[in-house]
Amino acid sequence: MLFKEIHLQGIKSGSISLAFRKWKKGAVKKGSLIKTSVGVVKIGDIEIVEEQDISEEDSINAGFKNKQHLLDSFPDSIGIPIFKISVSYYSEDPRIDVQEQTDLTDEKYLELKEKLRRLDQFSKQGDWTKAVLIAIENHPQLQAAGIAKLTGFEKEWVKPNIRKLKNLGLTISHSIGYEISPFGKLLLEKLKHEE
């Protein structure tokens with residue numbers, strides 16, 4: 001479940017407590033924890049509502065000026081249900097601690113190498129992890145479209161796969177573009193040393 005940055009800031013501050021989405025079927029479950037750029041967001045109650053049941057207060061609690069502003073944010077999709085979702089800030093992003101690590105033991109290195117090997121092995125794109133990491137290292141703050149162009153992968157494929165690297169603590173996402181984390185730099189140094 002994706003949130004706009006302005007809504008994430010509101011969730012973190014507590015000024016936003018709801019989200020509305022038009023989905024054919026529910027895409028999150030109650031109790032789910034979602035990692036975002038501001039930290040972990042917790043999903044609370046989820047219910048399907050009719051357009052007329054959404055109040056002005058609900059709309060403001062979802063980060064919109066008014067109900068019309070919220071309704072205008074929906075895609076034109078007649079007949080697709082509206083989900084009303086309670087959201088709250090849960091914690092800082094646990095990946096930050098990993099990203100900032102400045103020590104990479106041989107044991108952890110082998111474990112990470114195996115995880116990258118598996119990401120490569122089970123991808124239809126073949127070996128991609130090292131190429132994407134090096135592209136990010138050489139071009140910090142470059143957006144997914146630029147990384148896709150450099151590596152020859154599709155932009156829509158690049159984004160979720162960079163997220164997999166971020167989940168390992170190897171990259172950092174910014175509002176625009178990505179960079180290699182200190183932990184990712186340690187890994188790349190060892191990988192290059194093996195060449």
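In this predicted model, a residue counts as buried under 20% relative accessible area, as exposed over 50%, and as partly exposed in between.

Q: Why is E92 called partly exposed?
A: Its relative accessible area is 48%. Partly exposed covers the range between the cut-offs of 20% and 50%, so E92 counts as partly exposed.

Q: What makes E92 and K12 a salt bridge?
A: A salt bridge needs a side-chain nitrogen of Lys or Arg within 4 Å of a carboxyl oxygen of Asp or Glu. For E92 and K12 the N to O distance is 3.6 Å, so the pair meets that rule. E92 sits in the loop between β4 (82-91) and α4 (95-99), while K12 belongs to helix α1 (residues 5-13), so their contact ties together parts 80 residues apart in sequence.

Q: How do you know whether K12 is buried or exposed, or in between?
A: K12 has 37% relative accessibility. That value falls between 20% and 50%, so K12 is partly exposed.

Q: Why is the pairing of D58 with K84 called a salt bridge?
A: Their closest N and O atoms are 3.4 Å apart, and the cut-off is within 4 Å, so the pair counts. With D58 in helix α2 and K84 in strand β4, the pair ties together parts that are 26 residues apart in sequence.

Q: What does the word "buried" say about D58 and K84?
A: Both residues are buried, which means that each has under 20% relative accessible area.

Q: How do you know that K190 and D106 form a salt bridge, and which parts of the chain does the pair link?
A: The closest N and O atoms are 3.2 Å apart, so the limit of 4 Å is met. The pair links distant parts of the chain, namely helix α9 (residues 182-194) with K190 and helix α5 (residues 106-121) with D106, 84 residues apart.

Q: Why is D106 called exposed but K190 partly exposed?
A: D106 reaches 55% relative accessibility, so it counts as exposed, the cut-off being over 50%. K190 has a relative accessible area of 26%, so it is partly exposed.

Q: What joins K108, E111 and K115 into one network?
A: Salt bridges that share partners do so. The structure holds nine salt bridges in total.

Q: What makes E47, E50, E51 and D53 a patch of negative charge?
A: Asp and Glu count as negative, and these four residues gather on the surface. One of them, E50, lies in the loop between β3 (39-49) and α2 (56-61). E50 has 46% relative accessibility and counts as partly exposed, and a patch residue needs over 30%, so E50 passes that test.

Terms used. Residues numbered from 1 in each chain as written. Predicted model: local features only at pLDDT ≥ 70, side-chain atom pairs only at ≥ 80, totals over all residues. Heavy atoms only, no water. Patch = residues over 30% accessible without salt bridge, like charges linked within 9 Å, V, L, I, M, F, W, Y side chains within 5 Å. Areas by Shrake-Rupley, 256 points an atom, 1.4 Å probe, with all protein chains shown as cover. Charge placed at Lys NZ, Arg CZ, Asp CG, Glu CD. Helix = DSSP H or I, 4+ residues; strand = E, 2+ residues; numbered from the N terminus. Buried < 20%, exposed > 50% of the residue type's maximum accessible area, 1.4 Å probe, protein only.
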